[in-house]
Amino acid sequence: PDDPAAGLVADAVADLAAQRKVSADSIEVLRAEQVTWPDGSLGCPQPGQSYPPAMVDGYRVILQHGGRIYLYHAGGAGPIFLCPSGEKDGGHELVPPPGFHD
């Protein structure tokens with residue numbers, strides 16, 4: 001059976017490559033997981049918006065590029081999208097978990 005996450009991961013990588021103007025090969029997929037979002041915001045609520053409290057099955061894809069983390073969310077049959085941080089590039093600092101050493 002086709003893994004729907006595979007297409008979403010490819011879409012997320014292509015989107016980030018286009019946004020950052022880099023090669024898709026330079027983007028690392030850290031995690032792709034099935035999640036159930038608690039409401040229609042798909043884990044990425046926008047200021048001033050309200051969302052119906054309904055469980056939505058979806059996916060979260062975590063990408064890394066240039067020492068930065070980018071979170072992509074998808075839900076239902078919708079496309080995957082960057083859930084931006086407040087920073088200019090929409091990314092997050094790469095903060096290794098406790099006990100993580102390279």
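This passage describes a predicted model of a single chain, from its confidence to its strands, helix, disulfide and salt bridges.

The structure is a predicted model, so local features are described only at pLDDT of at least 70 and side-chain atom pairs only at pLDDT 80 or more, while totals for chains, interfaces and linings use all residues. Residues are numbered from 1 along each chain as its sequence is written, and side-chain values use heavy atoms, with hydrogens and water left out.

The mean pLDDT of the chain is 90. This score is the predictor's confidence in each residue, on a scale from 0 to 100. At least 70 is reached by 90% of the residues. Helices (H or I, at least four residues) and strands (E, at least two) are DSSP runs, numbered from the N terminus. Confidence is highest in strand β4 (residues 81–82), with a mean of 97. It is lowest in strand β5 (residues 92–93), with a mean of 91. Where pLDDT is low, predicted coordinates should not be read in detail.

Strand β3 (residues 68–75) pairs with β2, β4 and β5. Two strands count as paired if DSSP finds at least two bridges between them. Eight bridges link β2 and β3, and the pairing is antiparallel. Val61 has Tyr72 of β3 as its bridge partner. Two residues separate β2 from β3 in a hairpin. Gly66, in that turn, has a positive phi of about 60°.

The pairing of β3 with β4 is also antiparallel, with two bridges. Here Tyr72 stands opposite Leu82 of β4. Tyr72 thus has partners in both directions, because Val61 is also its bridge partner. The β3 and β4 hairpin has five residues between the strands. Within that hairpin, Gly76 adopts a positive phi near 60°. Two antiparallel bridges join β3 to β5. Arg68 has Glu93 of β5 as its bridge partner.

Strand β3 is mostly covered, with seven of its eight residues buried. Buried means under 20% relative accessible area, exposed means over 50%, and partly exposed lies in between (1.4 Å probe, protein chains only).

Helix α1 covers residues 4–20. Its 17 residues, at 1.5 Å a residue, should span 24 Å. The expected span is 1.5 Å times one less than the number of residues. The end C-alpha atoms lie 25 Å apart, which agrees. Several α1 residues are buried: Ala5, Leu8, Val9, Ala12, Val13, Leu16 and Ala17. The elements covering the buried residues of α1 include β1, β2 and β3; contact here means heavy atoms within 4.5 Å. Lys21 follows the helix and has a positive phi, near 55°.

The structure holds one disulfide, defined as a pair of cysteine sulfur atoms within 2.5 Å. Cys44 and Cys83 form it, with their sulfur atoms 2.2 Å apart. Cys44 sits in the loop between β1 and β2, and Cys83 in the loop between β4 and β5, so the pair ties together parts 39 residues apart in sequence. The torsion about the S-S bond is about 100°, so the disulfide is right-handed. Cys44 is buried, at 7% relative accessible area. Cys83 is buried as well, at 9%.

Side chains of opposite charge can pair when their charged atoms come close. A salt bridge is a side-chain nitrogen of Lys or Arg within 4 Å of a carboxyl oxygen of Asp or Glu. By this rule there are three. Arg60 pairs with Glu33, and their closest N and O atoms are 2.7 Å apart. Arg60 belongs to strand β2 (residues 56–65) and Glu33 to strand β1 (residues 28–37), so the contact ties together parts 27 residues apart in sequence. Both are partly exposed, Arg60 at 26% relative accessibility and Glu33 at 22%.

Arg68 takes part in the other salt bridges. Its side chain meets that of Glu87 at 2.7 Å, N to O. Arg68 lies in β3 and Glu87 in the loop between β4 and β5, so this pair ties together parts 19 residues apart in sequence. Arg68 also bridges to Asp89, with the closest N and O atoms 2.9 Å apart. Asp89 lies in the loop between β4 and β5, so here the parts tied together are 21 residues apart in sequence. Shared partners join Arg68, Glu87 and Asp89 into one network. Within this network, Arg68 is buried at 16% relative accessible area, and Asp89 is buried at 18%. Glu87, at 40%, is partly exposed.
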